[in-house]
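Work through the following exercises with the sequence and the 3D structure at hand. Try each task before reading its solution.

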Amino acid sequence: MPAADTTDPAPPTKDAPPSQGPKRFGLAAATALVMGNIIGGGIFVLPATVAPYGTVSLLAFLVLSVGAVLLALLFGKLARRSPVTGGLYVYPRDAFGEFAGFLSAWSYWTMTWVSIAALAVATVGYADVLLPLDGNRALEATVAAAALWLPAAANFAGTRWVGGVQIVSTILKFVPLLLVATVGLFFIDTDNFGPFNASGDSVPGALAASAALLLYSFLGVESAAMSAGEVRDPERTVGRASVLGTLGSALVYLLGTVAVFGLVPHGELAESGAPFADAVDAMTGGHWGGTVIAAVALASMVGCLNGWILMSAQMPYAAARDGLFPAAFARMGKGGVPGFGVLACAVLGSLLIALNYTAGPGTTFRVLVLITTFTGCVPYLLSAAAQLYWLARGTRERVRPAGLVRDLIVAGLSFAFSFWLIAGAGYAAVYQGVLFLFAGIPVYVWLRGRRESV
């Protein structure tokens, strides 16, 4: 019987995908990867997105921050057991078998390339501040595609470039954002905050609904666990990088959102397309500040895309090593990055961008973006369940009671948090998400059948 996770970590499973080449991510790069993936376009657009709910969304930010730290602690524990690339696929697979691993990998992979397309489209609004696009949809689509393919090219160059870009882009966006968030607090007008609950729904309902929207901004807490095979000393580094990156991101989110809510009148904020630019303009009394923050936003989004493209390739790479994704996803490029996975992400993301500018942002593309709340939480839910399973199987003579209670609380609350977010996504998103998830079953059946027929 395997020991519970409150003792020395068990060695990786024999069929876990091995790391390729030298370990390229230290604590700084891994922390930057987590922060770079969490802090992307969300911080620049979400204050306006959740403004219609009122300042209850600030409470939702706080709840999500606590939940994200719990998930970071959970992934740190799981990485001690399986310090390999593809964490959120490996954990359910090791605990419950190949089918659970496939569902987790398929769901996460779907979430990544849909989210990447959404973030690329979000860059257009801030690019328009720097270089007016005059509503030219073809030009806007070109800008979005460029925002996607430039970081994809960095990934083709290798993980060393990915790590370097993450450190530079994280510093570039974190310092100005923190300065704006702290200095902006001195310019707050409390009359701008508006009502606590402006949704017309109950407070718990408004809290859950705004949290479901805000989840998009916290996706990425698992980044170090997903790339554990490329992290030096992953048993220690993954957990520390996950917690440090999540805490740093939560601090920026909370301070920045409070500042924006207090700088921009509630009615104007709900209609804003660039809330941080509007907030800086309110501080400076002109438009030069908005131009600067637009440039920072673009750097932030491109840096986020850089890290997320790597994440989108790592999950199917790990699954393909086990024969649960097409074999092409397991091909490793010269730079230590799964090249086909990067290419697939870029192509699928480009198709969604084209769909967005053909059908319009309020149709199919928006529905797909809402599904990311569901598809993003499924791997979190399965990973928490895997940890509960390993804890339940621990032998009594090797379990430390205090550690067991701590790990049970972290895993149990992580499971409940993920379940709550799925419920808060709404009936339509869950329904569509389930259909999207089950669409992968024929792929699993085909690959499993072909493998067993050999």
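The exercises below concern a predicted model and go from confidence to side-chain pairs.

**Exercise 1. Confidence**

Task: State which helix has the lowest mean pLDDT and which the highest, and say what can be read from residues 1-21.

Solution:
- Step 1. Start with the whole protein: the average pLDDT is 79, and 83% of the residues score at least 70.
- Step 2. Compare the elements. Helix α7 (residues 159-184) has the lowest mean, 70, while helix α3 (residues 56-81) has the highest, 87.
- Step 3. Turn to residues 1-21, where the pLDDT is below 50. In the model this stretch has 60 contacts beyond near neighbours in sequence.
- Step 4. Predicted coordinates should not be read in detail where pLDDT is low.

**Exercise 2. Length and cover of a helix**

Task: Check the span of helix α10 against the expected value, and decide whether α10 is mostly covered or mostly uncovered.

Solution:
- Step 1. Helix α10 runs over residues 234-263, which is 30 residues.
- Step 2. At 1.5 Å a residue, the expected span is 44 Å.
- Step 3. The end C-alpha atoms of α10 are 42 Å apart, which agrees with that expectation.
- Step 4. Of the 30 residues in α10, 21 are buried, so the helix is mostly covered.

**Exercise 3. Salt bridges**

Task: Find how many salt bridges the model has, and work out which parts of the chain Lys-77 and Asp-407 tie together.

Solution:
- Step 1. The count is four salt bridges.
- Step 2. Lys-77 and Asp-407 form one of them, with N and O 3.9 Å apart; the cut-off is 4 Å.
- Step 3. Lys-77 belongs to helix α3 and Asp-407 to helix α16 (residues 401-424), so this pair links parts 330 residues apart in sequence.
- Step 4. Asp-407 has a relative accessible area of 3%, so Asp-407 is buried.
- Step 5. Glu-98 and Arg-448 form a salt bridge too, at 3.5 Å between the closest N and O atoms. Glu-98 lies in helix α5 (residues 98-130) and Arg-448 in helix α18 (residues 441-453), so the two tie together parts 350 residues apart.
- Step 6. Both ends of that bridge are partly exposed: Glu-98 at 26% and Arg-448 at 28%.
- Step 7. Shared partners join Lys-77, Arg-406 and Asp-407 into one network.

**Exercise 4. Aromatic pairs**

Task: Classify the ring pairs Phe-102 with Tyr-444 and Trp-109 with Phe-329.

Solution:
- Step 1. The whole structure holds 15 aromatic pairs.
- Step 2. The ring centres of Phe-102 and Tyr-444 are 5.3 Å apart and the planes meet at 45°, so this pair is tilted.
- Step 3. Phe-102 is in helix α5 and Tyr-444 in helix α18, so the pair connects parts 342 residues apart. Both residues are buried.
- Step 4. For Trp-109 and Phe-329 the centres are 5.8 Å apart and the planes at 85°, so the pair is edge-to-face.
- Step 5. Trp-109 is buried at 9% relative accessible area, and Phe-329 is buried at 6%.
- Step 6. These four residues belong to one aromatic cluster, whose members include Trp-106, Trp-113 and Phe-340.

**Exercise 5. Cysteines**

Task: State how many disulfides the structure has, and whether Cys-345 is buried or exposed.

Solution:
- Step 1. The search of the whole structure finds zero disulfides.
- Step 2. Cys-345 has 0% relative accessibility, so Cys-345 is buried.
- Step 3. Cys-377 is also buried, at 0%.

Definitions and conventions
Residues are numbered from 1 along each chain as its sequence is written. This is a predicted model: local features need pLDDT of at least 70, side-chain atom pairs count only at pLDDT 80 or more; totals for chains, interfaces and linings use all residues. Side-chain values use heavy atoms; hydrogens and water are left out. A disulfide is a pair of cysteine sulfur atoms within 2.5 Å. Buried means under 20% relative accessible area, exposed over 50%, partly exposed in between (1.4 Å probe, protein chains only). pLDDT is the predictor's confidence in each residue, from 0 to 100. Helices (H or I, at least four residues) and strands (E, at least two) are DSSP runs, numbered from the N terminus. Contact means heavy atoms within 4.5 Å. A salt bridge is a side-chain nitrogen of Lys or Arg within 4 Å of a carboxyl oxygen of Asp or Glu. The expected span of a helix is 1.5 Å times one less than its number of residues. Rings of Phe, Tyr and Trp (its six-membered ring) pair if their centres lie within 6.5 Å; planes under 30 degrees apart count as stacked, over 60 as edge-to-face and the rest as tilted.
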